[in-house]
Amino acid sequence: MLRISGLESRYGGIIALKGVDLEVRAGELVTIIGANGAGKSTLLKAVMGLVRREARAMTFEGRDIRGLSPLEIVRLGVALVPEGRQVFGPMTVADNLTMGAYLDRGRRAVVRERLESVCALFPVLRERSRQLAESLSGGEQQMLAIARALMAGPKLLLVDELSLGLAPVVVHELYRKLMALHRQGMTIVIVEQNARLALRACDRAYVLATGVVAMEGRARDLLENEAVRKAYLGG
Ligand SMILES: Nc1ncnc2c1ncn2[C@@H]1O[C@H](COP(=O)(O)OP(=O)(O)O)[C@@H](O)[C@H]1O
Ligand SMILES: [Mg+2]
């Protein structure tokens, strides 16, 4: 579904990605782990066209996406849950969700159907639909951010820092929801600093270290890997 080779991205003099190769097959649940500053967010933003990037190849469902804008990439079926959630605080939950379907705003039946399905996944969003997004708890805001991304009707969902700043019980709930979505067929990439949790939940993993893929493999193999345990799982 997504194929990336030799991906590079820089911020002025800072080289954030130094030739990343990565693949996601349809239906997979993949995690990208790595320390703070490793380039995880830049990688997701590069896929979305939110930062300048160069690559030997970068395709989504076989189509070259290197020259495409974020708008065009969302239209092809990729959606991002950004780091820090970035919900529209002064807007209601309902309006946040509607904004997620902005590209399909003319197709009322489609938008209504998606609204039904995200509210089935996250019933709390239906209960809170008239409430301002900024009044939600951190976990509810993360649910809203995921639901807003789903409102775009993606085939590939990119989630940047699912668990950051959230209580363990909330994080487990979020993982349960994403795994349910995965079972329904959604292809998902989760970026995580909480490596243990991500490796337990996902099928396959990439370890990003200072802009390159340091390791990749089956998540359960990486959980057992000595180098991974030392560097990311606290020994
Ligand atoms: N807007 C920016 N301007 C300059 N440097 C940036 C910017 N965003 C990220 N960086 C740098 O790029 C590198 C990768 O950052 P990032 O992709 O955010 O890493 P991660 O998400 O893994 O923590 C880091 O060295 C970071 O300081
Ligand atoms: Mg990040």
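Six strands form an open sheet in this predicted model. Their order is β6-β7-β8-β3-β9-β10, and the pairing is mixed. The edges are β6, residues 78-81, and β10, residues 212-218. Each of these edge strands pairs on one side only. Neighbouring strands are turned by 15° against each other on average, with direction ignored.

Start the walk at the β6 side. Helix α6, residues 138-150, packs on the sheet there and touches β6 and β7. The direction of α6 makes about 165° with that of β6. Strand β7 covers residues 156-160. Five bridges join β7 to β8, and the two strands run parallel. Within this pair, leucine 156 stands opposite threonine 187 of β8.

Strands in a sheet pair through backbone hydrogen bonds, in a parallel or an antiparallel sense. With that in mind, move on to β3. In the strand order, β3 sits between β8 and β9.

Take the β8 side of β3. Strand β8 spans residues 187-192 and runs parallel to β3, with five bridges joining the two. Leucine 29 has isoleucine 188 as its bridge partner in β8. Now take the other neighbour. Strand β9, residues 204-209, pairs with β3 over four bridges, again in the parallel sense. Here threonine 31 is the residue to look at: its bridge partner in β9 is alanine 205.

How many residues of strand β3 are buried? The strand runs from 29 to 33, and five of its five residues are buried. Burial here is a count: 20 or more other C-beta atoms within 10 Å of the residue's own. Both faces of β3 are covered. One side carries Leu29, Thr31 and Ile33, and the other carries Val30 and Ile32. Leu29 and Thr31 are thus met twice, as buried residues of one face and as bridge partners of isoleucine 188 and alanine 205.

Next comes ligand 1. The residues around ligand 1 include Gly34, Asn36, Gly37, Ala38 and Gly39. Lys40, Ser41 and Thr42 are also among them, and so are Tyr11, Ile14 and Ala16. Which elements supply at least two residues each to this shell? They are β2, residues 14-24, and α1, residues 40-48. Helix α1 gives the most, with three residues.

The shell can also be split by residue character. Four of its residues are nonpolar, six are polar and one is charged. Lys40 belongs to this shell and is its charged member.

How values were computed. Residues numbered from 1 in each chain as written. Chains lettered and ligands numbered in written order. Predicted model: local features only at pLDDT ≥ 70, side-chain atom pairs only at ≥ 80, totals over all residues. Near = placed C-beta within 6 Å. Buried ≥ 20, exposed ≤ 12 C-beta atoms within 10 Å, placed from the backbone. Pairing = 2+ DSSP bridges. Axes fitted to C-alpha atoms, helices over the stretch in contact; angles between N-to-C directions. Contact = placed C-beta atoms within 7 Å.
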